[in-house]
Amino acid sequence: MSLERTAGSWTGVVRSLAVTAAGCLAAAPALHAQGGEELDAGTYEILLNGELVGLERFVVQSDGDVVRAAARATSSRDAAGIVSGEVRLLLDQSYRPDRYELKPSGGSLGSVVGLRRANRLRMATESEEGERVKEFVAPDGLVILERGFAHHYFLLLRLVREGAGGRQLSLVVPSEGRQFRATIRDEGEEAVPVHGETVTARRYVVEGGGETHTLWASADGRVLRVEIPTLGWAARRRP
């Protein structure tokens with residue numbers, strides 16, 4: 001469920017929210033920054049209908065009190081499920097999102113900035129159509145899952161393993177202003193091809209909002225591959 005108000009009465013709110021979140025997220029690491037414990041980092045190849053169309057470079061760090069994630073995606077294709085630009089997330093120790101920022105590098109969407117306060121997540125969007133603020137409910141199982149960014153699935157798995165929300169999830173896709181309920185299912189180990197090699201990985205299936213997301217993760221939680229068949233989108237991790 002979400003509450004939405006359009007530009008006009010919300011213009012000042014949008015700008016205030018953007019300034020506040022941008023200031024908080026300024027501490028998020030550059031893609032090659034030092035400091036804090038590195039939880040994961042690397043590069044994903046982005047595929048659309050089996051064709052390589054882009055790359056995502058990311059890093060996830062923890063300083064003990066908060067978790068910071070940052071990524072930059074580039075793509076040669078403008079399509080559903082593909083977002084080029086930079087994204088940053090600030091999460092608490094239980095991997096619940098507190099602050100969010102998306103800066104696309106092109107297209108009609110200018111920016112999306114989000115802040116969570118208690119059980120509400122407020123997202124401010126600027127686009128060619130104007131400014132908008134949308135408010136979502138924020139249960140324990142809240143997950144931000146931006147289109148085209150595979151490292152968000154690492155954060156999803158960490159949240160589930162921390163026990164926040166159990167197997168019931170509430171997924172938010174900021175660029176689409178969309179929220180839906182979902183479940184995650186552990187389907188056990190299976191062999192999966194990764195750049196010419198076959199490795200044993202754990203398969204998870206996330207279902208909700210008319211979508212099925214399948215991901216394969218190594219024993220240490222690194223996501224090796226993600227697929228959303230309805231979008232023709234996939235991401236595979238480089239060695």
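The following conversation goes through a predicted model and asks what lies behind some of the terms applied to it.

Biologist: Why is Tyr44 called buried, and what about Phe58?

Modeller: Buried means under 20% relative accessible area; Tyr44 has a value of 0% and Phe58 a value of 2%, so both residues fall under that cut-off.

Biologist: What makes the pair of Tyr44 and Phe58 stacked?

Modeller: Ring centres must lie within 6.5 Å, and planes under 30 degrees apart count as stacked. The count comes to one aromatic pair, and in this pair, Tyr44 and Phe58, the centres are 5.3 Å apart with 20° between the planes, so the term stacked applies. Tyr44 belongs to strand 2 (residues 37–48) and Phe58 to strand 3, with their positions 14 residues apart in sequence.

Biologist: How do you know that Asp40 and Arg237 form a salt bridge?

Modeller: The cut-off is 4 Å between a side-chain nitrogen of Lys or Arg and a carboxyl oxygen of Asp or Glu, and the closest N and O atoms of Asp40 and Arg237 are 2.6 Å apart, so the pair qualifies. Asp40 lies in strand 2 and Arg237 in strand 16 (residues 233–237), so the bridge ties together parts that are 197 residues apart in sequence. Asp40 is buried at 4% relative accessible area, and Arg237 also counts as buried, at 5%.

Biologist: Why is Glu56 said to have no salt bridge?

Modeller: Glu56, which is found in strand 3 (residues 51–62), is buried, and the nearest side chain of opposite charge, that of Arg237, is 8.8 Å away; a salt bridge requires atoms within 4 Å, so none is assigned.

Biologist: What makes the approach of Glu56 to His151 a polar contact?

Modeller: The limit for such a pair of N or O atoms is 3.5 Å, and the side chains of Glu56 and His151 make their contact at 2.7 Å, so the distance satisfies the limit. A polar atom of the Glu56 side chain also lies 2.6 Å from the backbone nitrogen of Ala150.

Biologist: Why does the pair of Arg203 and Glu190 count as a salt bridge at 3.6 Å?

Modeller: The N to O distance of 3.6 Å between Arg203 and Glu190 is within the 4 Å cut-off, so the term holds. Arg203 sits in strand 13 (residues 197–208) and Glu190 in strand 12.

Biologist: How do you know that Arg203 and Glu190 are partly exposed?

Modeller: Partly exposed covers what lies between the limits of 20% and 50%; Arg203 is at 22% and Glu190 at 30%, so both receive that label.

How values were computed:
Residues are numbered from 1 along each chain as its sequence is written. This is a predicted model: local features need pLDDT of at least 70, side-chain atom pairs count only at pLDDT 80 or more; totals for chains, interfaces and linings use all residues. Side-chain values use heavy atoms; hydrogens and water are left out. Helices (H or I, at least four residues) and strands (E, at least two) are DSSP runs, numbered from the N terminus. Buried means under 20% relative accessible area, exposed over 50%, partly exposed in between (1.4 Å probe, protein chains only). Lys and Arg count as positive and Asp and Glu as negative; His and the chain ends are not counted. A polar contact is a pair of N or O atoms within 3.5 Å; within protein, one must be able to donate a hydrogen and the other to accept it, and residues adjacent in sequence count only if both atoms are side-chain atoms. Rings of Phe, Tyr and Trp (its six-membered ring) pair if their centres lie within 6.5 Å; planes under 30 degrees apart count as stacked, over 60 as edge-to-face and the rest as tilted.
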